[in-house]
Amino acid sequence: MKHFRSERVRATPKLFTYVLVGFIALLGLTCLYYGSSFAPGSRKSDEFDGSIRSRTGFAKNREGALGVSRFEVPKSVPICDSKHSELIPCLDRNLHYQLKLKLNLTLMEHYERHCPPPERRFNCLVPPPSGYKIPLKWPVSRDEVWKANIPHTHLAQEKSDQNWMVVNGDKINFPGGGTHFHNGADKYIVSLAQMLKFPGDKLNNGGSIRNVLDVGCGVASFGAYLLSHDIIAMSLAPNDVHQNQIQFALERGIPSTLGVLGTKRLPYPSRSFELAHCSRCRIDWLQRDGILLLELDRLLRPGGYFVYSSPEAYAHDPENRRIGNAMHDLFKRMCWKVVAKREQSVIWGKPISNSCYLKRGTSVQPPLCPSGDDPDATWNVSMKACISPYSARMHKERWSGLAPWPRRLTAPPPRLEEVGVTPEQFREDTELRFQKGATPVYVQTLVYCSLKYVLLQETWRLRVMEYWKLLKPMVQKNSIRNVMDMSSNLGGFAAALNDKDVWVMNVIPVQSSPRMKIIYDRGLIGATHDWCEAFSTYPRTFDLIHAWNTFTETEARGCSIEDLLIEMDRILRPEGFVIIRDTSDNINYIKKYLTLLKWDKWFTETTPKGDSLSTKDERVLIARKKLWSVTAISEL
Ligand SMILES: *[C@@H]1O[C@H](CO)[C@@H](O)[C@H](O)[C@H]1NC(C)=O
Ligand SMILES: *[C@@H]1O[C@H](CO)[C@@H](O)[C@H](O)[C@H]1NC(C)=O
């Protein structure tokens with residue numbers, strides 16, 4: 001409340017009288033207003049208490065992974081064998097052999113998620129590889145990383161002619177090349193903007209192009225260079241023969257994730273990206289009636305582009321021409337049109353309305369998806385070989401009528417209604433409100449009367465400022481780059497970090513997955529995930545993890561706090577931080593784990609200032625993971 005006090009000191013007596021009159025006049029009104037408007041915060045916590053009991057009961061709920069009851073902690077958590085230093089539990093090829101899974105390699109099922117059943121979980125701390133160093137800081141990391149952190153150099157040899165990466169002493173350098181753009185991604189990005197005839201050769205086209213999906217992205221150099229154009233790419237690749245490409249991308253601090261176009265939908269809602277990109281991504285787009293292309297079609301916004309830079313698009317030998325022609329035919333049946341063609345790239349455009357689909361003959365393949373299909377259901381949902389038409393409401397507007405970036409970050413997005421959030425509630429997430437009881441009513445009134453501009457401050461911005469005050473003494477400059485928000489709700493946390501040089505992976509837990517489209521409509525990126533399972537990322541990939549109510553929610557679904565902590569430890573970089581905002585019960589329990597996880601002795605805890613999103617009984621815990629090594633521990 002510093003803001004308010006300093007303002008009052010400066011106010012003249014005349015103004016003060018004026019304000020006082022306003023205060024008296026508004027007091028009765030305010031009490032009424034606040035009675036209804038500030039209730040949701042406390043109501044939410046009551047609902048939760050109820051649902052924990054009724055949905056899961058105590059027995060299941062309180063039994064953790066290590067078989068101890070909820071309020072005891074085990075004596076220790078073991079360290080995994082060092083051969084598991086790159087363990088990704090749900091993408092573990094050894095598990096496929098152990099469980100004798102029959103996976104179809106042609107369909108890439110072996111790169112899709114298959115999580116271990118509870119009895120096969122490791123329940124141990126993943127050790128860093130020997131010689132691991134704290135990662136280089138962004139932006140240096142864009143161009144070089146420590147070799148010891150990712151001791152895999154075969155990509156440098158295999159792609160040596162393409163300038164992907166070069167081993168240089170104890171570092172690996174990234175000259176910015178790619179399979180298709182040996183001359184660097186920067187020139188390639190400009191040439192794409194020229195092809196699209198965008199003013200000033202700027203690919204973001206005044207903010208209308210913001211979200212990009214790069215499939216088969218290599219070490220994500222395309223995405224890395226898009227960042228300076230105010231474009232954010234979700235760079236996607238499987239853990240395939242080019243193993244560790246995503247590990248390199250994340251080590252470099254570039255937004256990216258493990259994923260594959262296989263049999264399951266990607267964990268993003270429909271109409272999330274303005275542009276999809278494949279440069280020699282080695283995907284057979286014609287297979288299975290074009291099902292993979294139809295998945296891209298689902299993900300593109302009305303008018304979205306597909307940039308295809310691959311020999312099939314330009315080479316003149318018979319085989320490539322045959323494939324190119326067949327693709328051309330398929331695209332036409334999908335109502336896509338060639339927007340531009342130059343040298344080695346073709347850019348296709350998706351229609352902006354349903355009218356072309358409706359004009360097609362009834363027997364034309366691929367068919368439209370049946371009306372019962374929800375194009376936004378993605379978690380463990382099979383891809384479908386059909387076109388997802390636009391809903392009647394979201395019809396006919398290029399980019400779904402979104403405001404240009406960066407305005408779309410704070411403007412209430414058109415799809416709010418689909419997730420049952422009113423523009424008023426959206427603003428509540430982003431604007432300052434006072435929790436009933438947290439601030440005296442007259443202060444609230446005065447603020448409402450005379451300092452209305454304070455309302456423009458965002459709830460999340462204030463929360464982040466509060467966190468930052470606690471974190472600041474411990475954080476080195478530029479040491480936070482890869483951030484994960486485990487329960488993003490409407491993306492407020494990421495929006496509050498927008499002016500920082502970080503990127504945020506916004507995770508929406510599966511039980512609230514419809515909200516993912518709000519994340520994308522705001523020009524942010526993220527993925528749906530079930531926190532009862534491990535996330536599809538390498539160990540040691542995030543510098544900061546924010547968990548708001550994630551423990552309460554995960555426990556309410558019958559999954560254990562222990563498992564979640566061990567998973568957070570896996571994906572957190574050494575010297576990385578967690579910000580956990582949860583019930584004081586959960587915070588007290590989590591604190592008991594800090595030593596078992598070998599985290600730092602330093603941690604800090606506070607009762608946060610109340611706001612409109614607060615629950616009754618909230619605590620914030622900020623803790624730090626320590627860098628330890630297997631050899632140092634065994635010598636003790
Ligand atoms: C894998 O899937 C393809 C395409 O559906 C099918 O033709 C093939 O028979 C499958 N292979 C196995 C081993 O099931
Ligand atoms: C995913 O779906 C398949 C079949 O649709 C089902 O057998 C499997 O149990 C599901 N997996 C999870 C983790 O829910």
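Me: In what order do the 7 strands of the open sheet stand?

Reply: The order is β6-β5-β4-β7-β8-β10-β9, with mixed pairing. A strand is a DSSP run of E with at least two residues, a helix is a run of H or I with at least four, and both are numbered from the N terminus. This is a predicted model, where local features need pLDDT of at least 70, side-chain atom pairs count only at pLDDT 80 or more, and totals for chains, interfaces and linings use all residues. Residues are numbered from 1 along each chain as its sequence is written, while chains are lettered from A and ligands numbered from 1 in the order in which they are written.

Me: What makes β6 and β9 edge strands?

Reply: Each of them pairs on one side only. β6 covers 256–258 and β9 covers 337–342.

Me: How do you know that β4 and β5 pair?

Reply: Pairing takes at least two bridges found by DSSP between two strands. β4 and β5 (residues 232–237) have 5, in the parallel sense. The count meets the cut-off, so they pair. One bridge joins Val215 to Leu236 in β5.

Me: How many bridges join β4 to β7?

Reply: There are 3, again parallel. Leu213 stands opposite Ala276 in β7 (residues 273–279). β5 and β6 also run parallel, joined by 3 bridges. There Ser235 faces Ser256.

Me: Why is β4 called largely enclosed?

Reply: A residue is buried if 20 or more other C-beta atoms, placed from the backbone, lie within 10 Å of its own; 12 or fewer makes it exposed, and anything in between makes it partly exposed. In β4 (residues 211–215), 5 of the 5 residues are buried, so the rest of the structure largely encloses this strand. Both faces are covered. Asn211, Leu213 and Val215 are buried on one side, and Val212 and Asp214 on the other.

Me: How are neighbouring strands of this sheet turned against each other?

Reply: The average is 20 degrees, direction ignored. Axes are lines fitted to C-alpha atoms, for helices over the stretch in contact, and angles between N-to-C directions run from 0 to 180 degrees.

Me: Which strands does helix α10 lie across?

Reply: Helix α10 (residues 287–299) lies across β4, β7 and β8, at about 135 degrees to β8. Helix α9 (residues 245–252) lies across β5 and β6, at about 150 degrees to β6. Contact means that two C-beta atoms, placed from the backbone, lie within 7 Å.

Me: What is a nonpolar core?

Reply: It is a set of buried Ala, Val, Leu, Ile, Met, Phe, Trp, Tyr and Cys residues, joined through C-beta atoms within 7 Å. The largest here has 127 residues. Leu213, Ala276, Leu299, Trp348, Val483, Ile545 and Val578 touch the most other members. Helix α20 (residues 561–571) gives the most to this core, with 6 residues. In soluble globular proteins, nonpolar side chains tend to be buried together.

Me: Which residues is Val578 in contact with, leaving aside neighbours within four places in sequence?

Reply: They are Ile545, Ala547, Met568, Leu572 and Ala623.

Me: Why does Leu95 count as partly exposed?

Reply: Leu95 has 16 C-beta neighbours inside 10 Å. That lies between 12 and 20, so Leu95 is partly exposed. Leu95 sits in helix α4 (residues 93–98). Residues up to four places away aside, Leu95 touches His114, Pro116 and Arg120.

Me: What is the phi of Glu575?

Reply: Phi is near 70 degrees, a positive value in a residue other than glycine. Glu575 belongs to strand β15 (residues 572–583). With 17 C-beta neighbours inside 10 Å, Glu575 counts as partly exposed. Asn123 also has positive phi, near 50 degrees. Asn123 lies in the loop between α4 and α5.

Me: How do you know that the span of helix α12 is close to the one expected?

Reply: The expected span is 1.5 Å times one less than the number of residues. For the 16 residues of α12 (residues 318–333), that comes to 22 Å. The helix reaches 23 Å from its first C-alpha to its last. Cys335, with positive phi near 75 degrees, follows α12.

Me: Which peptide bond leading to Pro366 is cis?

Reply: The bond from Gln365 is cis, with omega near -10 degrees. The bond from Trp405 to Pro406 is cis too, with omega near 5 degrees. Pro366 is in the loop between α13 and α14, and Pro406 is placed in the loop between α13 and α14 as well.
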